[in-house]
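Here is a short walk through a structure you may not have met before. Take a look at the sequence and the model, and then we'll go through some spots together.

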Amino acid sequence: MESILRIAIQKKGRLSEKSLQLLKEAGISISNGSSRLKAQASNFPLEVLFLRDDDIPQYVAEGVAQAGILGENVVAEKAFPVETKLELGFAKCRLSLAIPREIDYPGPQWFEGKKVATTYPGILQQFLEKEGVHAQTESISGSVEVAPGIGLADGICDIVSTGSTLFTNGLKEVETVMRSQAILVASPQMNQAQEALLEQLIFRMQAVLRARKRKYILLNAPNEAIPAISQLLPGMKSPTVLPLAEEGWSSLHTVVHEQEFWDVIDQLKKLGAEGILVTNIEKMIL
Ligand code: PRT
Ligand code: ZN
């Protein structure tokens, strides 16, 4: 029987589109959208299962799917034996403790004897234990941010991204319990052929993720500035230098982190660089 790799991704929510996008950029075509329970890739032995994110750790741990894409926060809360293979760089957020804004916060001991509403009781308990604080956790399944306002709890422990949900509910963030982003996890249960397929998938995803963080730079510079510019922008090995038709000038091509580019732009201009072009990279293999 030909082997196939199954990957579980979120059916509908914050992770769905970006998970599908990553598979697509890894060169995997999935015909039908996430309207059904599963879909087959047409050009890679891969089947995609569309699930609620909360169910993914169990499905992967039990080997129903060999891989999954979900938030680190959910992996940590569910505590199933899955292995983190890759940080995917999207759905970045933090799990934080928050309390009513008007309260002066002295430190974690404020929570002693208090009641905290959360959908992450496991992670919260561990944090409180580490801090040596005894608080009661109130597990609720949604709209955690309204709990203090209706008198259900003194504080909350919830996912924060921009902070606007806390703000509109009169709360302030006082402790970061964990940071999270989307990750690729793998099952402890898979055969050799599936392991090989997963390695191929990881290789492709890495090429995509690496490229997302970087830009391809082309610029023109006077020849005497090339050594200095090459030091500023060393690229993968060293920059490509091509002569321009105009005597004494060259075109220099290199790869940089986007942030580094902004950090050195003034220096580049001082060195005489001009006609600077910055473009996206699709894949990058070292
Ligand atoms: O239906 P299913 O169970 O699959 O989905 P879900 O509702 O449990 O999850 P979903 O789609 O909301 O989020 C999936 C994952 O995205 C989470 O597990 C996190 O890893 C990640 N993520 C990133 C977030 C956020 N950012 C986020 N802002 N998850 C939730 N939020 C919510 C948060 O709960 C709060 O209500 O957004 C609000 C806070 O956002 P700000 O911007 O106002 O701070
Ligand atoms: Zn969920």
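Is Ala-193 buried, partly exposed or exposed? Its relative accessibility is 36%, so Ala-193 counts as partly exposed. Keep in mind as we go that this is a predicted model. Ala-193 sits in helix H6, and there's a long-range neighbour to look for: Ser-3 is 190 residues away along the chain, yet the two C-alpha atoms are separated by 6.2 Å.

Now step back to the loop between strand E11 (182-186) and helix H6 (192-212), where you'll find Ser-187. With a relative accessible area of 6%, Ser-187 is buried, because the cut-off for that label is under 20%. Who are its neighbours? Leaving aside residues up to four places away in sequence, Ser-187 touches Val-60, Ala-61, Gly-63, Ala-65 and Gln-66. One of these, Val-60, also offers its backbone oxygen, which the side chain of Ser-187 reaches at 2.6 Å.

Next, the metal. The zinc ion (ligand 2) is coordinated by Asp-53 and Asp-54 through their OD atoms, at 2.0 to 2.1 Å. Why is the arrangement around the zinc ion (ligand 2) called irregular? There are four donor atoms, and they subtend angles of 75 to 171°, which makes the arrangement irregular. To be tetrahedral, four donors would need all their angles between 85 and 135 degrees, so the range of 75 to 171° rules that out. The two aspartates also get different accessibility labels: Asp-53 has 16% relative accessibility and counts as buried, whereas Asp-54 has 27% and counts as partly exposed.

Asp-54 turns up again when we move on to ligand 1. In total, 20 residues surround ligand 1, and the closest are Arg-52, Asp-54, Asn-73, Thr-162 and Thr-165. Let's zoom in on a few oxygen atoms of this ligand. A polar side-chain atom of Thr-162 comes within reach of one, at 2.6 Å. Thr-165 also uses a polar side-chain atom, which lies 2.5 Å from an oxygen atom of ligand 1. With Arg-14 it's the backbone that takes part: one of its N or O atoms is 2.8 Å from an oxygen atom of ligand 1. How much of ligand 1 does the protein bury? On its own, ligand 1 exposes 840 Å², and the protein buries 79% of that.

A little further along the chain comes Asn-169, in the loop between helix H5 (164-168) and strand E10 (171-180). Its relative accessible area is 32%, so Asn-169 is partly exposed. Not counting residues up to four places away in sequence, Asn-169 touches Glu-145 and Val-146. Val-146 is 23 residues from Asn-169 in sequence, but in space their C-alpha atoms are 6.7 Å apart.

Finally, let's look at some backbone angles. Ala-79 has a phi near 55°, a positive value in a residue other than glycine. You'll find Ala-79 in the loop between helix H3 (72-78) and strand E5 (83-87), and with a relative accessible area of 61% it is exposed. Ser-143 isn't a glycine either, and its phi is positive too, at about 45°. Ser-143 lies in the loop that runs between strand E8 (136-139) and strand E9 (155-160). Its relative accessible area is 47%, so Ser-143 is partly exposed.

Methods
Residues numbered from 1 in each chain as written. Chains lettered and ligands numbered in written order. Predicted model: local features only at pLDDT ≥ 70, side-chain atom pairs only at ≥ 80, totals over all residues. Heavy atoms only, no water. Helix = DSSP H or I, 4+ residues; strand = E, 2+ residues; numbered from the N terminus. Buried < 20%, exposed > 50% of the residue type's maximum accessible area, 1.4 Å probe, protein only. Polar contact = N/O pair within 3.5 Å; in protein donor to acceptor, adjacent residues only side chain to side chain. Contact = heavy atoms within 4.5 Å. Donors = N, O, S within 2.8 Å, 3.2 Å for Na, K, Ca; no water. Tetrahedral: all angles 85-135°; square planar, octahedral: opposite > 155°, others 65-115°. Near = heavy atom within 4 Å. Areas by Shrake-Rupley, 256 points an atom, 1.4 Å probe, with all protein chains shown as cover.
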